[in-house]
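Q: Could you take me through one part of this structure closely, the part to do with binding? I'm new to this, so please go step by step.

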Amino acid sequence: TRRITVRDIAAAKQRGEKWPMLTAYDAMTASVFDEAGIPVLLVGDSMGNCHLGYDSTVPVTMDEITMLSAAVVRGTSRALIVGDLPFGSYQEGPTQALRNATRLVKEAGVGAVKLEGGERSAHQIELLVSSGIPVMAHIGLTPQSVNAFGGYPVQGRGEEAAQQLLRDAKAVQDAGAFAVVLELVPAELAAEVTTMLHVPTVGIGAGPDCDAQVLVWTDMAGMTGGRLPRFVKQYARLREVLGDAARSFADEVVDGAYPAAEHSFH
Ligand code: KIV
Ligand code: NA
């Protein structure tokens, strides 16, 4: 079996098929999602929050994204792997974006990259796409701009903001993006963007009418601790399961039940 490509993604929109995307940050977890048939895996800079212990995506580096993207590529055989360009790796302009995207393609083996921004990132997207690197765009709430947003507010509310979001969506499509993430956008506006574009929209907190949906895997599987955004649905309770396993192991070591005879060599 060959890997999913951006052509398959384009064909899915033609056929009106919805598809799922999850994040992944290591080979083993990625192999689970690959075997489950998730067609697109994003090595998101959300690794800052849920894998590396930072409190935002801002500190994540190219070295970190490259290393974990390589692991996700090694752990999978079917999914299209998208590597996120971290904050500071493309804002200087198209040349910097191409240098760093090329590194992700060559060193990690990703099939596409993602970067944040609509009109403001169009020149970067154009150069990457014309250089042979498929680009997934990301508009609406763009977490790398948390310091400018002053938090993570819903985007595109009000006529002016809605018009800007529509211009951003059109700009990234015109620049050649093969898909566009819509994060924290009112459902009605996301539906309008989805109808307007011929490339697929990938929603996160953007309602049911997007062509695809993405979640951070640790949120989706109930691994993340603390409060979750309202758009998250937890499909498992991994944090509880893993905590219970650790407590059982600890108890059995302390009371001598583990290791038993069958775990020992003589
Ligand atoms: O980094 C990430 O996980 C993302 C998705 C939430 C779209 O950018
Ligand atoms: Na991201």
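A: Let's start with a term you'll need: two strands are said to pair if DSSP finds at least two bridges between them. Keep in mind, too, that this is a predicted model.

Now look at strand β1, which covers residues 19–23. On one side of the story, β1 pairs with strand β8 (residues 212–215) in the parallel sense, over 4 bridges. One of the residues involved is P20, whose bridge partner in β8 is Q213. β1 also pairs in the parallel sense with strand β2 (residues 40–43), this time over 3 bridges. Here T23 has L42 of β2 as its bridge partner. To get from β1 to β2, the chain passes through helix α2 (residues 27–35), and this β-α-β crossover is right-handed.

Hang on to T23 and L42, since both turn up again around ligand 1. The rest of that shell is G44, D45, S46, D84, H138, V181, I204, V214 and V216. Sorted by class, the shell has 5 nonpolar, 4 polar and 2 charged residues.

Next, what does the UniProt record say? Its unreviewed entry puts the feature "binding site" at D45, S46, D84 and K114. These residues are spread over 70 residues of sequence, yet they cluster in space, with a largest C-alpha distance of 12.4 Å. The same feature name, "binding site", is also placed by the unreviewed UniProt entry at D45, D84 and E116. This set spans 72 residues in sequence, but no two of its C-alpha atoms are more than 10.9 Å apart, so the residues gather at one spot.

Let's visit them one at a time. D45 is in the loop between β2 and α3 (47–50). D45 counts as buried because 28 other C-beta atoms lie within 10 Å, and 20 or more is what that label takes. Setting aside neighbours within four places in sequence, D45 is in contact with T57, V60, I65, D84 and P86.

That brings us to D84, which belongs to strand β3 (residues 80–84). D84 is buried too, with 28 other C-beta atoms within 10 Å. With neighbours within four places in sequence left out, the contacts of D84 are L42, V43, G44, D45, I65 and K114.

Follow that last contact to K114, which lies in strand β4 (residues 112–116). K114 is buried, having 24 other C-beta atoms within 10 Å. Not counting residues up to four places away in sequence, K114 touches L42, V82, D84, L85, M136 and H138.

E116 also sits in strand β4. With 25 other C-beta atoms within 10 Å, E116 is buried. Leaving out neighbours within four places in sequence, E116 is in contact with S121, H138, T142 and Q144. Notice H138 there: H138 is also among the residues surrounding ligand 1.

For contrast, have a look at E262, in the segment after α11 (238–255). E262 counts as exposed because it has 5 C-beta neighbours inside 10 Å, and the limit for exposed is 12 or fewer. E262 and Y25 are 237 residues apart along the chain, and their C-alpha atoms are separated by 35 Å.

Terms used. Residues numbered from 1 in each chain as written. Chains lettered and ligands numbered in written order. Predicted model: local features only at pLDDT ≥ 70, side-chain atom pairs only at ≥ 80, totals over all residues. Near = placed C-beta within 6 Å. Nonpolar A, V, L, I, M, F, W, Y, C, P; charged D, E, K, R; others polar. Helix = DSSP H or I, 4+ residues; strand = E, 2+ residues; numbered from the N terminus. Right-handed = clockwise from strand over helix to strand, strands pointing away. UniProt positions renumbered as here; feature names shortened; annotations may be inferred. Contact = placed C-beta atoms within 7 Å.
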